[in-house]
Amino acid sequence: RLCELLDNAGRGWRKLAELAGAEKRFRCSVEELEMCSLKVLEPRGSPTQCLLQLLAERDCTLRYLLGCLERMGHEQACRVLSSAVQDGIRITVQPEPQVVAEGTQVSLTCCATGPPGLMYQWFCGRQEVPGATSPDLVIDTATPASQWYICRVNCGATFTFSRWAHVQVEKSSSPSSGSGYCPSVAGLRILRQPRPCRLAEGDTLALECRAIGNPPPQYQWFRNRRPVEGAQAPKLQVKLVTTAERGSYSCRVFNLFHEVWSQEVDVEIGESPRQTSSWVSPLWAAWRAGVSHSVTTPSSPVLAATDKVALLIGNMHYLHHKQLQAPIVDVHALSALLCQLDFKVVSLLDLRKAEMQMAVDEFLLLLDKGVYAGLLYYAGHGYENFGNSFMVPIDAPSAYTSEHCLCVQRVLQEMQQRRTGLNIFLLDMCRKRNLNDDIIPQVGALEVTANIVFGYATCADAEAYELSQGELSNGIFVTFLKRWLLEDEKITVLLDKVAEDMGTLEITRGRQALELRSNLSERRALTDPIRPSGQDESSARNLQWAKAHVLPESQHLCFDCGVTVQLGFAAEFSNIMIIYTRVVAAPKDITKCEARLTDIPEELNVDLKCTNKESPEELGSPLAPVWSLGCPSCCLYSRVCGLQKLRQELAFTVCLQYRYQGMDDFVEERQRVNVGRPLIAKLNLQ
């Protein structure tokens with residue numbers, strides 16, 4: 001029956017082959033498609049049957065095949081196949097609880113998979129919400145009241161319900177912050193606290209912390225004052241526990257503007273006595289609360305930072321030199337790990353010389369007495385002459401010299417003037433001699449501060465390599481560095497362990513080896529707690545850092561035809577932003593509509609091939625699986641790079657194209673949108 005429907009139709013077997021090929025293992029070669037096509041010359045030959053045979057040999061499931069037919073819009077073929085798919089309705093995206101200010105709009109989303117023809121109905125309490133029959137529910141919060149919402153998904157007589165979502169509406173109030181950049185937000189509130197437990201070895205540890213907030217909350221679990229690697233979900237689950245998992249657990253809940261901590265709970269494993277300490281818990285509580293006072297300990301004093309800040313720069317797309325692949329992955333990996341250690345991180349890709357210098361200048365403003373670090377990580381082209389290291393910007397000419405680059409030692413000199421507590425340079429670049437440059441830079445003498453650490457990805461006069469892993473590339477240095485970065489070790493000991501690991505890699509043995517230079521006299525570690533020295537300095541640093549991380553607020557655009565479009569934003573780096581559009585409501589007489597971005601400022605690096613794409617993967621970013629987790633489905637995505645180049649506020653046009661039932665022509669409406677200066681653009685690096 002499928003062969004009859006697809007062999008001769010316009011939306012036939014070739015379209016099916018194209019959509020199925022979105023997953024690599026089901027992609028057909030030109031020769032295979034030609035083999036299918038030639039089946040029409042046989043008496044009982046069928047191109048569709050030949051294609052289905054190829055897909056079957058590659059273990060294509062009926063569920064995947066049905067999804068392809070749904071994307072084709074071939075309802076008849078869907079009905080034929082759906083009888084073979086005996087899978088119940090499954091909720092894939094649950095509506096999330098939210099806290100919003102009075103008078104704003106809030107959107108709840110419920111998505112499900114199952115047989116074709118799924119229908120949705122939203123309820124407020126026990127009452128149906130009139131007209132709310134799509135996966136998205138847009139609520140106008142005109143009065144300060146709290147309501148519970150739930151969505152029913154059904155296909156015929158079969159149905160299931162989503163989770164309840166609590167929408168709490170609070171009265172708007174005048175912003176008390178003097179910063180001038182924070183929008184009105186309702187903060188964070190923990191709904192469910194973790195509970196202490198006692199387990200036997202081999203049991204499963206399960207802790208849960210639930211919170212609501214706007215922007216949505218993020219989570220990081222801690223055990224005995226140290227972050228638990230990979231534990232960034234509301235639920236922490238550890239199977240087959242041993243005594244190594246016992247200790248005090250807590251969860252840090254945060255979003256862009258606020259932070260709250262869960263209560264600290266004890267987890268006991270087996271019959272071992274409880275590990276208690278009369279002085280550790282108060283210190284931990286003081287650090288979490290940001291309290292600035294000395295804590296007397298029975299052993300050696302605990303070293304602490306007044307703050308932790310890091311600047312990560314990755315240069316890939318050089319104008320006159322070999323393109324690199326690894327910096328985008330390496331910078332993102334280090335950024336995520338350093339954030340777990342409570343670093344304030346600014347991560348930037350593809351900077352010209354002037355932009356690199358301005359980024360360093362802004363980075364220096366974050367530094368003050370006692371701050372850890374100046375941690376500066378650079379991945380890109382580089383060289384070393386006369387003991388000085390140089391970072392090469394993307395606009396360096398083919399025969400570049402020191403005047404076209406940034407000297408690392410000059411940056412260190414400026415960092416020393418800020419009286420930082422720890423200065424760390426991680427340089428993931430080549431250190432070959434630059435034969436075009438015979439100038440000896442006059443940097444001047446450095447101070448003897450006993451707090452400097454240099455981690456070079458390779459030795460003097462040697463190259464640094466990238467390691468290809470499928471479609472992604474990692475630098476050799478970061479591949480091993482990220483295994484150790486969260487360890488509670490003196491930074492020099494940590495880098496020694498990285499060097500030992502790198503020495504085990506056969507393909508770079510004799511070519512690349514980490515080199516460590518340090519005059520560090522104290523046991524300073526990246527895991528050391530933060531104890532601010534003064535509220536004014538800390539607030540100023542927080543404001544400067546937060547400026548570079550403010551995304552525009554998600555908003556809903558209402559068009560004259562009655563269509564409502566959600567405009568949302570996600571950050572890939574401090575200078576790269578994802579913009580997505582989604583139709584959340586449309587009149588019944590409009591059969592098809594989509595919202596596209598146009599008229600994006602020319603100074604930004606916007607590849608037209610990477611705009612208005614139906615899936616995050618089509619944008620060409622290897623990090624799409626990471627940032628797309630927080631984005632809703634059924635969107636058009638655009639990737640905007642080089643925000644540091646923005647000379648004025650970011651303005652663009654949202655073009656809505658729609659078609660009425662029974663009409664062939666599309667109608668177009670446009671709205672101009674201004675979202676201010678997002679992310680790093682707020683620092684005006686121009």
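Phenylalanine 425 is in contact, beyond its neighbours within four places in sequence, with Leu376, Val408, Val411, Leu412, Met415, Val453, Phe454 and Gly455. In this predicted model, Phe425 belongs to the largest nonpolar core, which has 67 residues. Together with Tyr378, Phe652 and Val654, Phe425 touches the most other members of that core. Helix α9, residues 353-365, supplies the largest share of the core, with five residues. The core lies between domain 4 (307-546) and domain 5 (549-683), because both domains give residues to it. Apart from it lies another core, of 42 residues, including Val331, Leu422, Leu467 and Leu514.

**Overall content and confidence**

The protein has 686 residues, of which 50% count as buried. Its secondary structure comes to 14 helices and 38 strands. Among contacts with a separation of 6 or more, 70% are between residues 24 or more positions apart.

The average pLDDT of the protein is 81, and 85% of the residues score at least 70. Over residues 173-186 the pLDDT stays under 50, and the model has 19 contacts beyond four places in sequence for this stretch. Residues 271-300 also have a pLDDT below 50, with 39 contacts in the model beyond near neighbours in sequence.

**Strand β18 and its partners**

Strand β18 covers residues 247-254, and eight of its eight residues are buried, so the strand is largely enclosed by the rest of the structure. Its antiparallel pairings are listed below.

| Partner of β18 | Residues of partner | Bridges | Facing residues |
|---|---|---|---|
| β15 | residues 218-223 | six bridges | tyrosine 219 and valine 253 |
| β19 | residues 259-261 | three bridges | arginine 252 and tryptophan 261 |
| β20 | residues 265-269 | three bridges | tyrosine 249 and valine 265 |

The connection from β18 to β19 is a hairpin through four residues. Arginine 252, which stands opposite tryptophan 261 in β19, lies within the β18 range of residues 247-254.

**A three-stranded open sheet**

An open sheet of three strands has the order β24-β25-β26, with antiparallel pairing. The edges are β24 (382-385) and β26 (406-407); each has a single partner strand, so one side of each is left without a neighbour in the sheet. β24 runs antiparallel to strand β25 (residues 388-391), and four bridges join the two. Within this pairing, tyrosine 383 stands opposite phenylalanine 390 in β25.

**Cysteines**

How many disulfides does the structure hold? The count is zero. For cysteine 36, the closest cysteine sulfur is that of cysteine 50, at 3.4 Å, which is too far for a bond, because a disulfide requires sulfur atoms within 2.5 Å. Cysteine 36 counts as buried, with 0% relative accessibility. Cysteine 641 is also buried, at 15% relative accessibility.

**Buried residues outside helices and strands**

Asparagine 612 sits in the loop between β35 (590-598) and α14 (624-627). Its relative accessible area is 11%, and asparagine 612 is therefore buried, given that buried means under 20%. Leaving aside neighbours within four places in sequence, asparagine 612 contacts Ala595, Arg596, Leu597, Leu636, Tyr637 and Ser638.

Which backbone angle is positive in aspartate 350, a residue other than glycine? Phi of aspartate 350 is near 55°. Aspartate 350 is placed in the loop between β22 (344-349) and α9, the helix that gives the largest share of the 67-residue core. With a relative accessible area of 13%, aspartate 350 is buried.

Leucine 679 likewise has a positive phi, of about 50°, although it is not a glycine. This leucine is found in the segment after β38 (667-674). Leucine 679 counts as buried, at 2% relative accessibility.

Note on methods:
Residues are numbered from 1 along each chain as its sequence is written. This is a predicted model: local features need pLDDT of at least 70, side-chain atom pairs count only at pLDDT 80 or more; totals for chains, interfaces and linings use all residues. Side-chain values use heavy atoms; hydrogens and water are left out. Buried means under 20% relative accessible area, exposed over 50%, partly exposed in between (1.4 Å probe, protein chains only). A nonpolar core is a set of buried Ala, Val, Leu, Ile, Met, Phe, Trp, Tyr and Cys residues joined through side-chain atoms within 4.5 Å. Domain bounds come from an automatic or database domain assignment. Contact means heavy atoms within 4.5 Å. Two strands pair if DSSP finds at least two bridges between them. pLDDT is the predictor's confidence in each residue, from 0 to 100.
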